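Okay, thanks for letting me go next. Take a minute with the sequence and the structure on the screen, and then I'll walk you through a few spots in it.

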Amino acid sequence: MQITGESVRVRASAPLPSASAIFDGKLVKLRGARGEVLGVQVLRSSSEEAGMSLAIDDMLVQAWRVDDVKVVRPSTEMYGPSTGAGSYPDVLVPGSGGDVKGGRDVLFDVGIPSDAVPGAHHGMIRIGARTYDVSLEVVPVTLPSISDAPRVWGYYNPHELERTKVDEARAVAMFRDFGVAATPELTLDDADRRAAQVAGMRFVPVLLPASKHEIQRDARAWAAWAARTHQQPFAIPIDEPRTLIDRLRVRVLARWIHEAGGGVWLAVTDAPSWMYGDDVDVFIAPGAPGHGPPDRRWTYNGAPPRAGAMIADTDGVAMRTWGWIAFRYDVPLWYIWDVAYWRDRHNAARRGLSKDEMPFVDDADAVTFDDGEDHGNLDGVLFYPPGLPSLRLAALRRGLEDRAMLDAVAACAGRAKADAIAARVVPAALGDSPPGDPGAWPTDEPSWDRARNELLDAMLACAREPH
């Protein structure tokens, strides 16, 4: 048995981690800021079900049973190194408060209230018939919210939620709790209805019509909307343009928008290239950040050595890397395509099926995207019907909270202080990473938690300094 944080993922039959950042074999030792959520994961070699619970005085605890997904065909190299075939923990099924029945893997979310009393708090974790003491030091600092002004956009197709009878409002609220603004691209017809989904977002995705007249009409309307909301609309009319014709079409669409006054930024999921001239407003690509104006250094998804991958068959810190990388490279928007890609609808024609005939992802095979050359396990999936989050989403939240700490340290102790800590963990990523490199960051959780504790210490030092 081992107890770790949420950025550990152990394949069934693989050995448990020999070291933990929070457990010495007798005591679970936690440390966190007010407003922070700490993950406590119980890993066991046995899959035999047992009752488990966690309670710490005055803390908010949610228990989750972590169910497996099955990787039959390891993800291809496009997603970075795969850790191989097997069963991987990912589906978070809620227990009752801090109590749950689980087998090989259980996760507890420990929410520290924003008004929690600083200092030592005590609790107990029960695993079957065994109990272990838990200590929690609440540091007298408050973590900036990752939900109020999210910098991660999770795209989904609302029709997929309708087909599976997922409560869209609840799913959107769940993602916001994890620091992600989940929304489809807005239209002028549904912008008011979806206002809460994009609340706090600096950049808002919108869907443009087809003709020049309609595009220019909508661009002017979005400009008026932006003046009212103080948010910047952007559109991705052609995803990953690969041909010269597609790239020229991007330039034409961009010029139509600019002729109408530029109310919408034209974004393209591609690297900067002379073929786009000066027409594209934002390049959204793994190698793009670090280039161009600071508010336009966007990126999306991830694969080593650029960033950790979102697939199931990779290390547990993969999505935690996103927050640290986003801080290091000042990424104002990280785009996730997709969060609900339960059917491989984009490759339906290749299989001779209609989009409606495509099967949904199931427990027998976790491949969700397969274009004939590349395939990825749970590519485009961060939650499950009827609205269950994933362990990978919890690791992303951990990274986003780490980024909030980095921001806080930069604000109070100077950017150089925060950069020095972040650079030790992520010396290179995105466009700075050499091709073929497996990733310049450590894949063990204790390395990340040591850096996180440095951030807590720096925040505490700032709080103690006289103003």
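**Loops, rings and a disulfide**

Let's begin in a loop: aspartate 338 sits between E18 and strand E19, which covers 367-370. This is a predicted model, by the way. What makes that spot worth a look is the bond joining tryptophan 337 and aspartate 338, a cis peptide bond with omega at about 0 degrees. There's another cis bond, between proline 385 and proline 386, and there omega is about 5 degrees. Proline 386 is in a loop too, the one between E21 and strand E22 (388-389). If you're new to this, keep in mind that most peptide bonds are trans, and most residues other than glycine have a negative phi.

That brings me to phi. Aspartate 330 has a positive phi, near 50 degrees, and it isn't a glycine. You'll find aspartate 330 in the loop between helix H5 (321-328) and E18. Leucine 430 also has a positive phi near 50 degrees, and its loop runs between helix H7 (415-425) and H8. So which of these is buried and which is partly exposed? Aspartate 330 has a relative accessible area of 32%, so it counts as partly exposed. Leucine 430 comes out at 0%, so it is buried.

Okay, zooming out. The protein has 8 helices and 22 strands. Its C-alpha atoms fill a box of roughly 70 × 60 × 45 Å along the principal axes. Why do we say the radius of gyration agrees with a compact globule? Because a compact globule of 467 residues would have a value near 23 Å, and the protein has 22 Å. Buried residues make up 57% of the 467. And of the contacts with a separation of 6 or more, 73% are between residues 24 or more positions apart. On the outside, about 19200 Å² is exposed, with carbon and sulfur atoms supplying 52% of it.

Now for the rings. The count comes to 18 aromatic pairs. One of them is phenylalanine 175 with phenylalanine 383, edge-to-face, 5.1 Å centre to centre and 85 degrees between the planes. Phenylalanine 175 is in helix H2 (residues 168-177) and phenylalanine 383 in strand E21 (residues 383-384), so that pair links parts of the chain 208 residues apart. Both of those phenylalanines are buried. Then there's tyrosine 300 with tyrosine 335, which is stacked: 5.7 Å between centres, 25 degrees between planes. Those two tyrosines are buried as well, and they belong to an aromatic cluster that includes Trp153, Phe203 and Trp265.

Trp265 has company: arginine 296 lies over the face of tryptophan 265, 3.9 Å from the ring centre. Elsewhere, the charged end of arginine 415 sits over the ring of phenylalanine 327, again with 3.9 Å to the centre.

Last stop, the disulfide. How many does a search of the whole structure find? Just 1. Cysteine 412 and cysteine 462 form it, with their sulfur atoms 2.1 Å apart. Cysteine 412 lies in helix H6 (residues 391-413) and cysteine 462 in helix H8 (residues 445-464), so the pair ties together parts 50 residues apart in sequence. The torsion about the S-S bond is about 75 degrees, so this disulfide is right-handed. As for the two ends, cysteine 412 is partly exposed at 37% relative accessibility, while cysteine 462 is buried at 9%.

That's my tour, thanks!

Methods:
Residues are numbered from 1 along each chain as its sequence is written. This is a predicted model: local features need pLDDT of at least 70, side-chain atom pairs count only at pLDDT 80 or more; totals for chains, interfaces and linings use all residues. Side-chain values use heavy atoms; hydrogens and water are left out. A disulfide is a pair of cysteine sulfur atoms within 2.5 Å. Helices (H or I, at least four residues) and strands (E, at least two) are DSSP runs, numbered from the N terminus. Buried means under 20% relative accessible area, exposed over 50%, partly exposed in between (1.4 Å probe, protein chains only). Rings of Phe, Tyr and Trp (its six-membered ring) pair if their centres lie within 6.5 Å; planes under 30 degrees apart count as stacked, over 60 as edge-to-face and the rest as tilted. A charge sits over a ring if NZ of Lys or CZ of Arg is within 6 Å of the ring centre and within 35 degrees of the ring normal. The radius of gyration is taken over C-alpha atoms; the globule rule is 2.2 Å times the number of residues to the power 0.38. Contact means heavy atoms within 4.5 Å. Accessible areas come from the Shrake-Rupley method with a 1.4 Å probe; for residues, only the protein chains shown count as cover.
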